[in-house]
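Got the viewer open? Keep the selection box handy and follow along, one stop at a time.

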Amino acid sequence: MYSNDGDYPGLKDGEVSTGTTIMAIPTKDGVIMGADCRVSSGIYVVNRTSDKLSQLSEHIFCGRSGSAADLQALTEYVRFYLQQLSVETGREPTVKTAAHIMRRICYDNKERLLAGVIVSGWDSVDGYSVYQIPIGATCLKVPFAISGSGSTYIWGLVDSQFRPDMTVDEGRALVKKSIAHAMARDGSSGGSIRTVLITPTSNDRDYTPGNQLPFGPTGF
């Protein structure tokens, strides 16, 4: 399956395989984002407790999939631009603005970046919203978003169980269940699960360790 020097099959010279599972769903009382915690470099697990949910402004977060280095730099740029915008206008930026700034940077550097992003949160103009920016920098407002290498395994699950009127508890349970299923099938997703509930008044983070997953070796 692997060559003697540890390279993953099917990649170009110098290319490194990466993978993750991120998702975001709106509920009646908040947007819930979730992600696995594994950072991989080819066949090696570099970090098993990484935080892939980055805060861009007071009530806007992004989920990161792709190159960890590219995405860390990208989120710092967007955070800086949103802070500048907030100072200049005297009000908090909208989720749409954050998503389109992210899209513009990704598109202008699409030949150099490996970045798939979900931007979601709350603002006073549009309320709760979710935007997906896949590799290639298309920006789409969507009912819910799933991205990363593990997303392939859970589209049917989320399609069948997602409802726009879900409660916060139902939404968080669906996010954890879906990501746990992806982690069980996708070799590049794993570790534990982090989620964040974004509301107009607070951001509630949650951590589920690997031995307490709702599905998998400890959840059958």
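Which residues in H1 meet which residues in H2? Bear in mind as you look that this is a predicted model. Select Leu74, Tyr77, Val78, Tyr81, Leu82 and Leu85 for the H1 side, then add Thr97, Ala98, Ile101, Met102, Ile105 and Cys106 for the H2 side. Colour that selection by class and you get 11 nonpolar residues, one polar and no charged ones.

Now switch to cartoon for the two helices. H1 covers residues 68-89 and H2 covers residues 95-108. Their axes sit 10 Å apart, at an angle of about 135°. Angles over 145 degrees would count as roughly antiparallel and 65 to 115 as roughly perpendicular, so H1 and H2 are oblique to each other. Turn the view until one helix lies over the other: H1 passes H2 in a right-handed crossing.

Next, zoom in on leucine 74. Skip its neighbours within four places in sequence, and its contacts are Met102, Ile105 and Cys106, plus Ala115 and Val117.

Time to widen the selection to the largest nonpolar core, which has 21 residues. Start with the members that touch the most other members: Leu56, Leu74, Val78, Met102, Val117, Val119 and Ile133. Which elements give two or more residues to this core? Show H1 and H2 again, then add strand S6 (60-66), strand S7 (115-123) and strand S8 (127-133). H2 gives the most, with seven residues. As background, nonpolar side chains in soluble globular proteins tend to be buried together.

There is also a second, separate core, this one of 20 residues. Pick out Met23, Phe162, Leu174 and Ala180, which are among its members.

While you're over there, select serine 178. You'll find serine 178 in helix H4, which covers residues 168-185. Is serine 178 buried or exposed? Its relative accessible area is 0%, so serine 178 is buried. What is serine 178 in contact with, neighbours within four places in sequence aside? Light up Met23, Ile154, Leu157 and Val158. Met23 is a residue you just picked in the second core.

Last stop: alanine 137. Look in the loop between S8 and strand S9 (140-141). Check the backbone torsions here, as phi of alanine 137 is near 75°, a positive value in a residue other than glycine. Then turn on the surface: with a relative accessible area of 7%, alanine 137 is buried.

Technical notes:
Residues numbered from 1 in each chain as written. Predicted model: local features only at pLDDT ≥ 70, side-chain atom pairs only at ≥ 80, totals over all residues. Heavy atoms only, no water. Axes fitted to C-alpha atoms, helices over the stretch in contact; angles between N-to-C directions. Helix = DSSP H or I, 4+ residues; strand = E, 2+ residues; numbered from the N terminus. Parallel < 35°, antiparallel > 145°, perpendicular 65-115°, else oblique. Left-handed = near helix turned anticlockwise from the far one by under 90°. Contact = heavy atoms within 4.5 Å. Nonpolar A, V, L, I, M, F, W, Y, C, P; charged D, E, K, R; others polar. Core = buried A, V, L, I, M, F, W, Y, C linked by side-chain atoms within 4.5 Å. Buried < 20%, exposed > 50% of the residue type's maximum accessible area, 1.4 Å probe, protein only.
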